[in-house]
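This report walks through a protein model for a reader at the bench, taking up its charged pairs, its overall fold, its nonpolar cores, its main pocket and some points of backbone geometry. The sequence and the structure are shown first.

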Amino acid sequence: MLSQLKRLSLEADGRYATEAELAFLKSYGQTVRQRISGYEKIRDAEDTIMDEAEAQLIEIDSQVFHQGEQDFTDTCRRDRKNTLRHASAAMLFNDLDRLRDGLLLWQQTIVRAIKAEQPSTITWQEIPGVLREHLSAEEMDLMMPALHLTQALLR
């Protein structure tokens with residue numbers, strides 16, 4: 001939404017915006033309560049969500065956070081939290097461009113450089129299931145575009 005507002009501000013400079021140009025605002029207005037509610041639920045349950053995700057990931061692959069003898073559990077948790085926070089903000093503001101350009105492309109480079117595609121893929125396949133336990137169906141529907149983008153870029 002922030003990117004769309006910025007774009008609209010530049011494109012409509014000195015004139016009134018058209019109905020078509022305002023459509024995204026009307027759509028956003030209809031979902032703002034669910035967006036705020038979902039964001040607050042994720043924020044308030046962040047540690048629980050991280051614990052549940054970590055347990056599921058370790059159940060899938062006990063060495064998911066290890067490379068050789070090195071344990072990267074804490075680093076992976078920090079990165080998951082950061083990504084979830086950005087994805088939640090993208091859902092809140094309906095701004096996938098900012099999520100992609102501001103975080104995910106950078107993280108994608110790192111994931112590939114350290115050859116962590118498999119743990120990243122598993123992580124972002126499992127996170128939606130964990131979030132479903134904390135969000136309503138409507139909130140989850142609003143969160144899924146950010147999660148799909150994350151899944152697409154961090155594999």
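## A charged pair in helix 5

At 27% relative accessibility, Asp97 counts as partly exposed, and Arg100, with a relative accessible area of 28%, is partly exposed as well. In this predicted model, Asp97 and Arg100 form a salt bridge in which the closest N and O atoms are 3.4 Å apart. Both residues belong to helix 5 (residues 96–113), where they are three residues apart, about one turn of the helix.

The pair is also part of a wider arrangement, since a network of salt bridges links Arg7, Asp97, Arg100 and Asp101. In general terms, side chains of opposite charge can pair when their charged atoms come close.

## Other salt bridges

The structure holds 14 salt bridges, and one that links distant parts of the chain joins Arg85 to Glu46, with 2.6 Å between the closest N and O atoms. Arg85 lies in helix 4 (residues 73–93) and Glu46 in helix 3 (residues 46–60), and the two are 39 residues apart. The partners fall into separate accessibility classes: Arg85 is partly exposed, with a relative accessible area of 47%, whereas Glu46 is buried, with a relative accessible area of 11%.

A salt bridge is also found between the side chains of Arg15 and Glu21, at 2.7 Å from N to O. Here Arg15 counts as partly exposed at 40% relative accessibility, while Glu21, at 19%, counts as buried because the cut-off for that class is under 20%.

## Overall fold

The protein has seven helices and two strands, and read along the sequence these follow the pattern α-α-α-β-β-α-α-α-α. Along its principal axes, the C-alpha trace spans about 60 × 35 × 20 Å.

Of the 155 residues in the protein, 37% are buried. Among the contacts with a separation of 6 or more, 71% are accounted for by residues 24 or more positions apart.

## Nonpolar cores

In soluble globular proteins, nonpolar side chains tend to be buried together. Which residues of the largest nonpolar core touch the most other members? Of its 28 residues, these are Ile49, Leu99, Leu131, Met143 and Leu147. The elements that give two or more residues to this core are helix 3, helix 4, helix 5, helix 6 (117–132) and helix 7 (137–153), and the largest share, eight residues, comes from helix 7.

Met143 shows what surrounds one of these core residues: leaving aside residues up to four places away in sequence, Met143 touches Ile42, Leu84, Ala87, Ser88, Met91, Leu131 and Leu135. There is also a second, separate core of five residues, which includes Met1, Leu8, Ala12 and Phe24.

## The largest pocket

The largest pocket holds about 500 Å³ of space. It is lined by 22 residues, of which Cys76, Asp79, Val111, Ile114 and Ala116 are the closest to its centre. At least two residues of the lining are supplied by each of strand 1 (66–67), helix 4, helix 5 and helix 6, and the largest share, six residues, comes from helix 4.

By residue class, the lining of the largest pocket divides into 12 nonpolar, seven polar and three charged residues.

## Positive phi in two loops

Where does the backbone take a positive phi in a residue that is not a glycine? One such residue is Asn94, with a phi of about 50°, and its place is in the loop between helix 4 and helix 5. Asn94 counts as partly exposed, at 31% relative accessibility.

Lys115, again not a glycine, has a positive phi of about 55° and sits in the loop between helix 5 and helix 6. With a relative accessible area of 66%, Lys115 is exposed, because that class begins over 50%.

Definitions and conventions: Residues numbered from 1 in each chain as written. Predicted model: local features only at pLDDT ≥ 70, side-chain atom pairs only at ≥ 80, totals over all residues. Heavy atoms only, no water. Salt bridge = Lys/Arg side-chain N within 4 Å of Asp/Glu carboxyl O. Buried < 20%, exposed > 50% of the residue type's maximum accessible area, 1.4 Å probe, protein only. Helix = DSSP H or I, 4+ residues; strand = E, 2+ residues; numbered from the N terminus. Core = buried A, V, L, I, M, F, W, Y, C linked by side-chain atoms within 4.5 Å. Contact = heavy atoms within 4.5 Å. 1 Å grid on protein atoms, 1.4 Å probe; cavity = no way out; pocket = protein on both sides within 12 Å on 5 of 7 lines; lining within 4 Å. Points joined across faces, edges and corners; volume = space filled by probe spheres on them. Nonpolar A, V, L, I, M, F, W, Y, C, P; charged D, E, K, R; others polar.
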